[in-house]
Amino acid sequence: MAVLSKQVAVPKSGFSPIPVIDMSEPESKHALVKACEDFGFFKVINHGISAELVSVLEHETVEFFSLPKSEKTLVAGYPFGYGNSNIGRNGDVGWVEYLLMNANLDSGSGPLFPSLLKSPGNFRNALEEYKTSVRKMTCDVLEMITDGLGIKPRNTLSKLVSDQNTDSILRLNHYPPCPLINKKTNGGKNVIGFGEHTDPQIISVLRSNNTSGLQINLTDGSWVAVPPDHSSFFFNVGDSLQVMTNGRFKSVRHRVLANGDKSRVSMIYFAGPSLTQRIAPLTCLMDNEDEMLYEEFTWSEYRNSAYNSRLSDNRLQQFERKTTHDNTLLND
Ligand SMILES: C=C1C[C@]23C[C@@]1(O)CC[C@H]2[C@@]12CC[C@H](O)[C@@](C)(C(=O)O1)[C@H]2[C@@H]3C(=O)O
Ligand SMILES: O=C(O)CCC(=O)C(=O)O
Ligand SMILES: [Fe+2]
């Protein structure tokens with residue numbers, strides 16, 4: 001596995017500022033909107049997803065990653081399939097192996113489905129049930145957000161990701177314990193599991209085992225560790241939702257640091273719209289004097305441009321509009 005070892009800022013420790021949203025409490029909608037504005041990140045509890053389903057999928061995922069490398073690479077591919085160390089096609093590497101799958105309702109598990117497993121049927125069923133449950137929870141969260149924003153109809157956002165033909169992805173990540181994290185040999189430097197980035201889609205839903213590593217970047221530039229919680233889900237605002245809210249919601253930068261002792265296993269559902277969906281600030285969220293901060297684009301255009309970029313790039317920059325304020329400054 002290729003290694004990227006570099007000195008990274010030490011995250012704040014102690015009390016965790018990560019907002020916790022109780023899905024069984026309708027009034028959480030206000031805290032939800034504030035979390036999207038202040039952090040672009042929140043943890044969801046009382047979500048109603050079966051712990052049994054999640055633990056079966058985790059078990060099957062661990063089984064898959066335990067296969068010999070020669071077998072896993074039988075399902076290697078791009079953009080979907082097994083990958084190891086290399087993230088995307090533009091030179092990014094991390095201490096991670098992964099399985100990326102199309103999460104469309106009608107995609108089935110595709111030709112890359114790992115039939116090499118002892119019990120492929122269990123893995124396939126767990127994946128299908130997980131995608132269905134997580135998509136439903138994502139729609140519930142997006143509807144709570146629309147309510148909190150005072151937008152009607154309630155499905156303004158959820159309809160973008162609930163369809164048969166949305167461009168959603170399911171990613172299983174495995175970060176093996178990293179022997180390079182040893183103070184004597186590398187001077188206590190961190191090893192990057194998954195480099196800092198924002199997610200291009202509308203919203204992402206992450207569940208991991210109890211191994212730490214995920215960090216988010218606060219608006220003051222500092223990194224904060226996200227305490228792992230295997231029974232909860234973590235949501236992060238993606239670039240497309242930042243644009244649709246005209247910058248009101250923040251697409252949070254995040255990264256994963258490798259762990260010296262324990263493996264981390266995570267599953268992330270990236271809720272994306274259909275390829276032809278127009279992404280632009282929602283006029284119902286704008287006041288008369290507000291200016292659109294972004295040029296409009298289709299999800300297909302944005303996805304193509306994102307997949308040609310490096311992980312840490314600011315992908316939205318090229319879609320930012322010059323505002324009257326910028327033009328005034330230029331003319332002064
Ligand atoms: C370096 C890259 C990997 C990525 C495609 C990209 O060119 C830039 C965006 C990356 C990202 C981040 C969120 C998701 O993990 C992902 C699947 C996505 O949609 O955008 C990855 C892409 C990837 O791993 O191929
Ligand atoms: O594995 C994780 O915990 C996060 C990975 C991530 O951010 C991603 O796959 O986009
Ligand atoms: Fe991510």
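**Figure 1. The hairpin of β4 and β5.** In this predicted model, N84 has E97 in β5 as its bridge partner. Strands β4 and β5 run antiparallel and are joined by six bridges. Together β4 and β5 form a hairpin, with four residues between the two strands. In the turn, G88 has a positive phi of about 70°. G88 also appears among the residues closest to ligand 1.

**Figure 2. From β5 to β6.** On β5, E97 stands opposite H174, a residue of β6. The two strands, β5 and β6, pair in the antiparallel sense over six bridges. Strand β5 covers residues 92-102, and β6 covers residues 169-175. Strands of a sheet pair through backbone hydrogen bonds, and the pairing can be parallel or antiparallel.

**Figure 3. The open sheet.** In what order do the eight strands of the open sheet stand? The order is β2-β3-β11-β8-β13-β6-β5-β4, and the pairing is mixed. At the edges stand β2 (20-22) and β4 (81-87). Each of these two strands has a single partner strand, so one side of each is left without a neighbour in the sheet. From one strand to the next, the twist averages 25°.

**Figure 4. Strand β13 and its two partners.** Strand β13 (residues 264-271) runs antiparallel to β8 (residues 203-208), and six bridges join the two. S204 has F270 in β13 as its bridge partner. Strand β6 also pairs with β13 in the antiparallel sense, over seven bridges. Here the bridge partner of R171 is I268 in β13.

**Figure 5. The two faces of β13.** Is β13 largely enclosed by the rest of the structure or left open, and why? Eight of its eight residues are buried, so β13 is largely enclosed. On one side the buried residues are R264, S266, I268 and F270. On the other side they are V265, M267, Y269 and A271. Both faces of the strand are therefore covered. For the protein as a whole, 37% of the 332 residues count as buried.

**Figure 6. Two helices against the sheet.** Helix α1 (residues 28-38) lies across β2, β3 (41-45) and β11 (233-237). The helix runs at about 150° to β2. Helix α2 (residues 51-65) packs on the sheet as well, where it touches β5, β6, β8 and β13. The direction of α2 makes about 115° with that of β13.

**Figure 7. The surroundings of ligand 1.** How many residues surround ligand 1? There are 17, and the closest are G88, D92, D199, Y307 and L311. The elements giving two or more residues to this shell are β5, β6 and α8 (299-307). By class, the shell around ligand 1 divides into nine nonpolar, four polar and four charged residues.

**Figure 8. The surroundings of ligand 2.** Ligand 2 is surrounded by R171, N173, F194, D199, L206, S208, L214, H254, V256, S266 and I268. Two or more residues of this shell come from each of β6, β8, β12 (254-257) and β13. The shell around ligand 2 has five nonpolar, four polar and two charged residues. D199 is listed here, and D199 is also one of the closest residues to ligand 1. Another member of this shell, I268, is the bridge partner of R171.

**Figure 9. Two residues compared by their neighbours.** E71 lies in helix α3 (residues 69-72). E71 counts as partly exposed because it has 13 C-beta neighbours inside 10 Å. In sequence E71 and L117 are 46 residues apart, and in space they are 9.4 Å apart, C-alpha to C-alpha. S24 lies in the loop between β2 and α1. S24 counts as exposed because it has 9 C-beta neighbours inside 10 Å. S24 and Y130 are 106 residues apart in sequence and 20 Å apart in space, C-alpha to C-alpha.

**Figure 10. The whole protein and the confidence of the prediction.** The protein has nine helices and 15 strands. Among its contacts between residues at least 6 apart in sequence, 74% join residues at least 24 apart. The average pLDDT is 91, and 89% of the residues score at least 70. Over residues 2-7, pLDDT stays under 50. For this stretch the model has 15 contacts beyond four places in sequence. The predictor gives the complex an ipTM of 0.99 and a pTM of 0.93.

Notes
Residues numbered from 1 in each chain as written. Chains lettered and ligands numbered in written order. Predicted model: local features only at pLDDT ≥ 70, side-chain atom pairs only at ≥ 80, totals over all residues. pLDDT = per-residue confidence, 0-100. Contact = placed C-beta atoms within 7 Å. Pairing = 2+ DSSP bridges. Axes fitted to C-alpha atoms, helices over the stretch in contact; angles between N-to-C directions. Near = placed C-beta within 6 Å. Nonpolar A, V, L, I, M, F, W, Y, C, P; charged D, E, K, R; others polar. Buried ≥ 20, exposed ≤ 12 C-beta atoms within 10 Å, placed from the backbone.
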